Amino acid sequence: MKYDLIFDLDDTLIQTQAAFRQNIDLCADLVYEVLGGKVIINDIKEVFNKIDLELIKELGFSKKRYPFAWGSTLEFFIKKYNIEISSTAIEQLQSLAKMIFQENVPLQSDTFIIEELAIHKDVASMTILTLGEKDVQTKRVMDTGLVQYFDEVIITQKKDINIYFELNKKLSNPVMIGNSLRSDIVPAIDAGMKAIHIIRDSWSYDEIEHNHRIDSIQSLDELKLLLFGNLVNQ
């Protein structure tokens, strides 16, 4: 049986969450300095995370959301503690936040398996399906150095059941592989596809309640045994 393998990008193939955590540390440190040390770092991060998650409803995964969430975080503390700051502080903070979109995000250590899967006799095709803005995600895909192993790259603003319905109709035997239960796994299964959850360093948004029995792996190199041993849920 040949498989059409569909890979998520962020946190599945590249270490996006780790890169964001580094940027969050830098931004939180700047907010701490601007506020004169009146708020502890952990409280700054907690407020930012709450604002950032809430903004997904309005801004989705546009590159505007992340720096805007940092600007809103600083404004929250300015109002709460009635602190006066320089007029350029929010601009400096947002500029620092935007640096995340210029970074070369490192590959996950197990992506060596991609080249092997691309030439496997039981793999019909390989696709990257990634969520976000075209310019940001195109850069991240190209930075991987893996694009030559994939038949197609799909960049979408929404990873919901509808895109998985389309892929299930288009491909003969699709299998979605990703770290996000919310965006990669549950909607793929709901659309009638096979799906494999890779356990990665993720953020809270990726979690979602479900009633599915889900195949999980710790590393991409487990895919060969799971797929070609016919262990994937039918």
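**Helix packing and nonpolar cores**

Mentor: Helix α1 (residues 16-34) and helix α4 (residues 89-98) pack with their axes 9 Å apart, at an angle of about 170 degrees. The model is a predicted one.

Trainee: Why is α1 called roughly antiparallel to α4?

Mentor: Angles over 145 degrees count as roughly antiparallel. The angle here is about 170 degrees, so α1 is roughly antiparallel to α4.

Trainee: Which residues make that contact?

Mentor: From α1 come N23, L26, C27, L30, V31 and V34, and from α4 come A89, Q92, L93, L96 and A97. By class, this contact of α1 with α4 has 9 nonpolar, 2 polar and no charged residues.

Trainee: What makes α1 roughly parallel to α3?

Mentor: Helix α3 spans residues 65-81, and α1 packs with it at an angle of about 25 degrees, the axes being 11 Å apart. Angles under 35 degrees count as roughly parallel, so that is the term for α1 and α3. Their crossing is right-handed.

Trainee: Which residues of α1 and α3 meet?

Mentor: F20, N23, I24, C27, A28, V31 and V34 of α1 meet Y66, W70 and L74 of α3. By class, the contact of α1 with α3 has 9 nonpolar, 1 polar and no charged residues.

Trainee: Why is α2 called oblique to α3?

Mentor: The axes of helix α2 (residues 41-59) and α3 cross at roughly 130 degrees and come within 8 Å. Roughly perpendicular covers 65 to 115 degrees, and roughly antiparallel needs over 145. The value of roughly 130 degrees fits neither term, so α2 is oblique to α3. This crossing, too, is right-handed.

Trainee: What classes of residue make up the contact of α2 with α3?

Mentor: That contact has 13 nonpolar, 2 polar and 3 charged residues. Among those taking part are D43, I44 and F48 of α2, and R65, Y66 and W70 of α3.

Trainee: How many residues are in the largest nonpolar core?

Mentor: That core has 53 residues, and those with the most contacts inside it are L5, F7, Y66, W70 and L223. Its largest share, 7 residues, comes from α1.

Trainee: What does W70 touch, leaving aside its neighbours within four places in sequence?

Mentor: W70 is in contact with I24, C27, A28, V31, I44, F48, L93 and A97. Contact means heavy atoms within 4.5 Å.

Trainee: What lies apart from the largest core?

Mentor: Another core, of 16 residues, including I154, A188, A191 and A195.

Conventions: Residues numbered from 1 in each chain as written. Predicted model: local features only at pLDDT ≥ 70, side-chain atom pairs only at ≥ 80, totals over all residues. Heavy atoms only, no water. Axes fitted to C-alpha atoms, helices over the stretch in contact; angles between N-to-C directions. Helix = DSSP H or I, 4+ residues; strand = E, 2+ residues; numbered from the N terminus. Left-handed = near helix turned anticlockwise from the far one by under 90°. Nonpolar A, V, L, I, M, F, W, Y, C, P; charged D, E, K, R; others polar. Core = buried A, V, L, I, M, F, W, Y, C linked by side-chain atoms within 4.5 Å. Buried < 20%, exposed > 50% of the residue type's maximum accessible area, 1.4 Å probe, protein only.
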